[in-house]
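Grab your viewer and a pencil: here are a few short exercises, each with a worked solution. Try each one before you read on.

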Amino acid sequence: MPRVNSIATDRFDAGRFEASRNRLASLAYRLLGSATDAEDAVQDAFLHWQAADRRRIKVPEAWLTKVVTNLCLDRLRSAQARRERAAGDWLPEPLIDGDPMLGPADTFEQRESVSLAMLTLMERLSPVERAVYVLREAFSYSHAEIAGILGITESASQQHLHRARRRVTTARRGGGETDPASARRIVEEFLAAATSGRTEQLVALLTDDAIAISDGAGGLAEKLLRFDTPQRIAAVVRAGLKPTPAKRRLAGGTPAIHYAVVNGAPAMLFVVGDQVMGSATFDVVDGRIATVRGIAAPARLARLAEAWRHHAPEAPLIDRW
């Protein structure tokens with residue numbers, strides 16, 4: 001009988017952890033910008049949970065939040081993370097709309113906190129500033145709760161949030177959200193201009209200070225490629241979207257180009273069969289494109305590609321590129 005009770009307790013405790021898994025993964029993703037690292041952090045938290053004296057844990061959700069947050073901070077502070085993020089080859093891992101790792105999306109602040117733009121921007125924050133910002137803006141924790149999670153004072157939490165908000169506001173490009181119909185129309189116009197060779201129309205769709213960031217064809221660039229004028233972006237996009245046998249060999253076939261929503265933003269996905277080979281995500285400001293992020297590295301697309309295989313897509317924008 002004691003053994004039966006022990007097994008039942010373990011199952012009950014495992015169930016309590018699983019009930020928090022998606023929320024913990026969403027927190028870890030916002031802190032790390034990497035779905036892979038977020039999954040690892042949540043799994044490490046499960047091992048901590050199994051090893052803990054769970055009878056003494058009064059509020060499992062709070063305990064697990066603290067563990068995951070601090071595991072993420074350890075990762076952000078690690079020498080390896082600093083090298084990778086300082087080397088110029090870091091981009092957030094994109095997630096398709098509906099992925100539970102995107103987490104709460106009831107408010108503008110919650111949706112913005114998981115955008116690729118914000119995940120990139122938060123690289124400018126210190127690990128503690130990033131944690132305070134995410135816990136407060138995306139999960140609505142009080143400063144008293146944040147202080148307990150991070151082992152700091154309430155006053156320090158308030159100061160970190162103030163600095164984080166100031167840095168975010170200074171670096172943020174543009175303001176509110178674009179309605180879904182307008183966002184899709186802009187992407188369709190962008191694709192039509194790029195594939196028809198109308199470079200001047202591409203330039204007109206870009207803001208004057210537009211930038212494009214890419215990890216290269218097949219995700220093979222040693223460092224991220226950056227283009228910082230509308231004319232350069234238009235030329236690169238026009239060349240990149242011109243199909244050739246070599247590009248099709250690199251893609252492993254003839255891709256279809258689908259419209260999708262990725263991290264809350266309009267995007268194009270390049271799909272061969274049921275495999276996503278690349279994505280281009282757009283930040284839209286006042287009806288024009290301010291940032292294009294091209295991602296083709298399989299490791300960065302792994303979770304998105306897996307979700308796509310279980311996705312029921314609409315008809316592609318282009319069925320044979």
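**Exercise 1. Work out how much accessible surface the protein has, and what share of that surface belongs to carbon and sulfur atoms.**

Keep in mind that this is a predicted model. Step one: the accessible surface adds up to about 15,800 Å². Step two: carbon and sulfur atoms hold 53% of that area. Step three, for the inside: 45% of the 321 residues count as buried.

**Exercise 2. Decide how compact the protein is for its length.**

Start with the parts: there are 14 helices and six strands. Next, take the radius of gyration, 21 Å, and set it beside the 20 Å from the globule rule for 321 residues; the two are close, so the protein is as compact as a globular protein of that length. For the outline, the C-alpha atoms fill a box of roughly 70 × 45 × 35 Å along the principal axes. Last, check the contacts: among those between residues at least 6 apart in sequence, 67% join residues at least 24 apart.

**Exercise 3. Find how far apart the centres of the positive and negative side chains lie.**

Count first: 43 side chains are positive and 39 are negative. Then compare the centres of the two sets, and you get 3 Å.

**Exercise 4. Is Thr281 buried or exposed, and which residues does Thr281 touch?**

Locate it: Thr281 sits in strand S5, residues 275-285. Its relative accessible area is 1%, and the cut-off for buried is under 20%, so Thr281 is buried. Now skip the neighbours within four places in sequence; the contacts of Thr281 include Leu116, Val262, Pro266 and Arg293.

**Exercise 5. Count the aromatic pairs, then classify two of them by geometry.**

The count is four. One of these is Phe17 with Phe46: 4.9 Å centre to centre and 55° between the planes, which makes the pair tilted. Phe17 belongs to helix H1 (residues 2-32) and Phe46 to helix H2 (residues 35-51), so the pair ties together parts 29 residues apart in sequence. Both rings are on the buried side of the cut-off: Phe17 has a relative accessible area of 0%, and Phe46 has 15%.

Then take Phe270 and Trp321, at 6.3 Å and 75°: this pair is edge-to-face. Phe270 is in strand S4 (residues 265-272) and Trp321 in the segment after helix H14 (298-309), so to speak a link between distant parts of the chain, 51 residues apart. Phe270 is buried at 16%, and Trp321 is buried at 9%.

Technical notes. Residues are numbered from 1 along each chain as its sequence is written. This is a predicted model: local features need pLDDT of at least 70, side-chain atom pairs count only at pLDDT 80 or more; totals for chains, interfaces and linings use all residues. Side-chain values use heavy atoms; hydrogens and water are left out. Helices (H or I, at least four residues) and strands (E, at least two) are DSSP runs, numbered from the N terminus. The radius of gyration is taken over C-alpha atoms; the globule rule is 2.2 Å times the number of residues to the power 0.38. Buried means under 20% relative accessible area, exposed over 50%, partly exposed in between (1.4 Å probe, protein chains only). Contact means heavy atoms within 4.5 Å. Accessible areas come from the Shrake-Rupley method with a 1.4 Å probe; for residues, only the protein chains shown count as cover. Lys and Arg count as positive and Asp and Glu as negative; His and the chain ends are not counted. The place of a charge is taken as NZ of Lys, CZ of Arg, CG of Asp or CD of Glu. Rings of Phe, Tyr and Trp (its six-membered ring) pair if their centres lie within 6.5 Å; planes under 30 degrees apart count as stacked, over 60 as edge-to-face and the rest as tilted.
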